[in-house]
Amino acid sequence: MNDLERLDRFLRTDPRDVGCDEAMAVLHIYVDLVAGGEDAAGRYPGVAAHLLSCGPCGEDFDGLLQAVTGG
Amino acid sequence: MTAEDLDEESAAWLYRLGDGEGERQAAERELHARLVRIALAEVRRRSASTPVTGRELDDIAHQAADDAMLAILAKLGSFRGESRFITWAYRFVILEISSKLGRHYWRNPPVALDAGQWERLPDRFGIDPVRHAESAGILAEVRRVVEEELTAHQRRVFTAIVVDGIPLDALAAQLGLQRGAIYKVIFDARRKIRRALVANGHLEETGLGEQR
């Protein structure tokens with residue numbers, strides 16, 4: 001990815017993005033789906049879009065997934 | 001939800017935590033010990049991305065586990081079995097850690113609020129120093145849009161998060177706002193800046209394809 005692409009990617013917004021509150025409200029459900037190998041992003045596309053774009057919520061997702069998988 | 005709808009482990013947790021006898025105390029001790037273990041692992045996982053260090057990190061982990069435990073017991077009746085019980089419970093401690101790390105950031109902040117370190121913007125976007133001159137035009141336009149087209153609130157939040165690299169949860173704590181409110185400001189600012197960069201020919205309307 002070149003420099004301009006990185007900036008462009010940061011500035012692009014996804015209209016499916018549900019925001020922090022909605023994503024965090026279902027984080028445990030989403031994480032269990034991921035941990036179980038199910039299509040979490042397919043079930044919750046707005047949450048998937050948000051987790052890709054929001055650093056803190058992505059960090060919470062990573063932490064919870066690690067907590068429940070022990071990985 | 002009935003106990004029959006739950007997986008065996010979740011049903012056992014609910015049964016034990018709801019028991020009026022000695023089993024409840026044992027279950028609470030076991031759950032608390034697990035929360036402490038998860039919290040300690042989580043603050044260590046995040047240690048590279050926070051100025052909080054050492055004993056303070058361990059203190060945050062223990063406080064997060066204590067507060068999560070209280071919240072879990074208070075909200076036990078709202079567990080609807082949409083996930084495993086332990087995943088639902090661990091979510092409380094993970095979110096507590098985020099919130100506490102945000103507040104503790106200001107005890108020894110590496111950058112002050114409203115510092116406005118625009119000279120560091122190329123680094124924020126990972127732009128190679130040898131290419132700073134090439135990107136100077138578009139970054140100058142980003143700054144112009146921020147200064148001239150964003151609202152005062154959007155400008156302050158964007159500058160703190162994107163230009164100065166203040167963690168979003170730390171800014172939320174400092175401004176007394178929820179994480180989601182800060183994120184929405186950044187979301188709107190990103191859209192506004194990109195629209196201006198497209199209008200001025202710095203970026204194409206499309207070009208990266210579908211965003212993941």
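## A tour of the two-chain model, starting from its core

Begin by selecting B:Ala39, B:Val93 and B:Leu171, which touch the most other members of the largest nonpolar core, a set of 69 residues. With these three on screen, add helix 4 of chain B, residues 85–104, since the largest share of this core, ten residues, comes from that helix. The core draws at least three residues from each of domain 1 (3–107) and domain 2 (118–199) of chain B. Keep in mind throughout that this is a predicted model, for which the predictor gives the complex an ipTM of 0.94 and a pTM of 0.92.

**Around B:Leu171**

Stay with B:Leu171 and select its contacts, leaving aside neighbours within four places in sequence: they are B:Val157, B:Ala160, B:Ile161, B:Ile166 and B:Ile182. Next, select helix 7 of chain B, residues 152–163, whose buried residues are B:Val157, B:Phe158, B:Thr159, B:Ala160, B:Ile161 and B:Val163. If you then show the surrounding helices, you can see what these buried residues of helix 7 pack against, namely helix 5 (121–124), helix 6, helix 8 and helix 9 of chain B. Move on just past the end of helix 7 to B:Gly165, where the backbone takes a positive phi of about 70 degrees.

**The two domains of chain B**

Now colour chain B by its two domains, domain 1 covering 3–107 and domain 2 covering 118–199. Taken over C-alpha atoms, the centres of these domains are separated by 34 Å. Where they meet, seven residues of domain 1 of chain B are in contact with six residues of domain 2 of chain B. On the domain 1 side of that meeting point, the residues divide by class into three nonpolar, three polar and one charged.

**Where chain B meets chain A**

Bring both chains into view and select the contact between them, to which chain B contributes 37 residues and chain A contributes 32 residues. On the chain B side, the elements that give two or more residues are helix 2 (22–45), helix 4, helix 6 (132–148), helix 8 (168–175) and helix 9 (179–199). Of these, helix 9 of chain B gives the most, with nine residues. Colouring this side of chain B by class shows 15 nonpolar, seven polar and 15 charged residues.

**Chain A by itself**

Hide chain B and look at chain A, which has six helices and zero strands and which therefore reads along the sequence as α-α-α-α-α-α. Its C-alpha trace spans about 35 × 25 × 20 Å along the principal axes, and of its 71 residues 45% count as buried. Among contacts in chain A between residues at least 6 apart in sequence, 70% join residues at least 24 apart.

**Confidence along chain B**

Finish by showing chain B again, coloured by pLDDT: the mean is 92, and 95% of its residues reach 70 or more. In a comparison within chain B, confidence is lowest in helix 5, at a mean of 87, and highest in helix 4, at 98. As a last selection, take residues 208–212 of chain B, over which the pLDDT is below 50, although this stretch has seven contacts in the model beyond near neighbours in sequence. Where pLDDT is low, the predicted coordinates should not be read in detail.

Terms used: Residues numbered from 1 in each chain as written. Chains lettered and ligands numbered in written order. Predicted model: local features only at pLDDT ≥ 70, side-chain atom pairs only at ≥ 80, totals over all residues. Core = buried A, V, L, I, M, F, W, Y, C linked by C-beta atoms within 7 Å. Buried ≥ 20, exposed ≤ 12 C-beta atoms within 10 Å, placed from the backbone. Helix = DSSP H or I, 4+ residues; strand = E, 2+ residues; numbered from the N terminus. Domains from an automatic or database assignment. Contact = placed C-beta atoms within 7 Å. Nonpolar A, V, L, I, M, F, W, Y, C, P; charged D, E, K, R; others polar. pLDDT = per-residue confidence, 0-100.
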